[in-house]
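User: I am new to this structure and would like a close look at one part of it. Please keep the sentences short and tie the part to its surroundings.

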Amino acid sequence: MFVTHFYENKTSVLSQLLVSLPTVEENIKIKGRKAKIVQIVQIDDSNYHVSIIFEKVPKKQPVKEIGKKKR
């Protein structure tokens, strides 16, 4: 069993007790958001810090209807 701490830009996102460690370049889902593992650092025999990058979700722009103007 391994204690894994997931970090994004030095911000703790999640801490989990896992049976197997994730691998680098693996795509995972944390709190409903897609992320990619960048780096895994072993602190001691059972503690690991995992650096991740969340996928950027573009904001949707509202569709402007042509021909309808607000009066």
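Is Thr11 buried, partly exposed or exposed, and what is its relative accessible area? Please build the picture around that residue.

Analyst: Thr11 is partly exposed. Its relative accessible area is 48%. That value falls between the two cut-offs, since buried means under 20% and exposed means over 50%. Keep in mind that this is a predicted model.

Start with the place of the residue. Thr11 belongs to strand 2. That strand covers residues 11–18, while strand 1 covers residues 2–8. The two strands run antiparallel, and seven bridges join them. One pair to look for is Phe2, which stands opposite Leu18 in strand 2.

Now look at the link between these strands. Strand 1 and strand 2 make a hairpin with two residues between them. Asn9 lies in this loop, and Lys10 lies in the loop between strand 1 and strand 2 as well. Asn9 takes a positive phi near 50°. Lys10 has a positive phi too, near 65°, and it is a residue other than glycine. Most residues other than glycine have a negative phi.

The loop residues can be judged by the cut-off for exposed, over 50%. Asn9 counts as exposed because its relative accessibility is 69%. Lys10 counts as exposed because its relative accessibility is 82%. Thr11, in strand 2, is partly exposed at 48%. For a sense of distance, take Asn9 and Val19. They are 10 residues apart in sequence, and their C-alpha atoms are 25 Å apart in space.

Strand 1 also holds a buried residue. Thr4 sits in strand 1. Thr4 counts as buried because its relative accessibility is 0%, and the cut-off for buried is under 20%. Its contacts, with neighbours within four places in sequence left aside, are Leu14, Ser15, Gln16, Leu18, Leu21 and Tyr48. Strand 2 runs from residue 11 to residue 18, and strand 5 from residue 47 to residue 54.

That brings in strand 5. Strand 1 and strand 5 pair in the parallel sense, over five bridges. Within this pairing, Tyr7 has Ser51 of strand 5 as its bridge partner. Ser51 also gives a distance back to Thr11. The two residues are 40 apart along the chain, yet their C-alpha atoms are separated by 9.6 Å.

Follow strand 5 to its other partner. Strand 4 and strand 5 pair in the antiparallel sense over seven bridges. Here Gln39 has Ser51 in strand 5 as its bridge partner. Ser51 is thus a bridge partner of Tyr7 and of Gln39. A hairpin of four residues joins strand 4 to strand 5.

One more step leads to strand 3. Strand 3, residues 27–30, pairs with strand 4, residues 33–42. The sense is antiparallel, over four bridges. Ile30 stands opposite Arg33 in strand 4. These two strands form a hairpin with two residues between them. Lys31 is found in that loop, between strand 3 and strand 4. Its phi is near 55°, a positive value in a residue other than glycine. Lys31 is exposed because its relative accessible area is 66%.

Step back to the whole chain. The protein chain has zero helices and five strands. Read along the sequence, the pattern is β-β-β-β-β. The radius of gyration is 19 Å, well over the 11 Å that the globule rule gives for 71 residues, so the chain is more spread out than a compact globule. The C-alpha atoms fill a box of roughly 70 × 20 × 15 Å along the principal axes.

Some totals complete the view. Of the 71 residues, 18% count as buried. Among contacts with a separation of 6 or more, 25% come from residues 24 or more positions apart. The accessible surface is about 6300 Å², and 53% of it belongs to carbon and sulfur atoms. The chain carries 14 positive and 7 negative side chains. The centres of those two sets lie 21 Å apart.

Back to the residue you asked about. Thr11 is a partly exposed residue in strand 2. Strand 2 is joined to strand 1 by seven bridges, and strand 1 pairs in turn with strand 5.

Notes. Residues are numbered from 1 along each chain as its sequence is written. This is a predicted model: local features need pLDDT of at least 70, side-chain atom pairs count only at pLDDT 80 or more; totals for chains, interfaces and linings use all residues. Side-chain values use heavy atoms; hydrogens and water are left out. Two strands pair if DSSP finds at least two bridges between them. The radius of gyration is taken over C-alpha atoms; the globule rule is 2.2 Å times the number of residues to the power 0.38. Buried means under 20% relative accessible area, exposed over 50%, partly exposed in between (1.4 Å probe, protein chains only). Contact means heavy atoms within 4.5 Å. Accessible areas come from the Shrake-Rupley method with a 1.4 Å probe; for residues, only the protein chains shown count as cover. Lys and Arg count as positive and Asp and Glu as negative; His and the chain ends are not counted. The place of a charge is taken as NZ of Lys, CZ of Arg, CG of Asp or CD of Glu.
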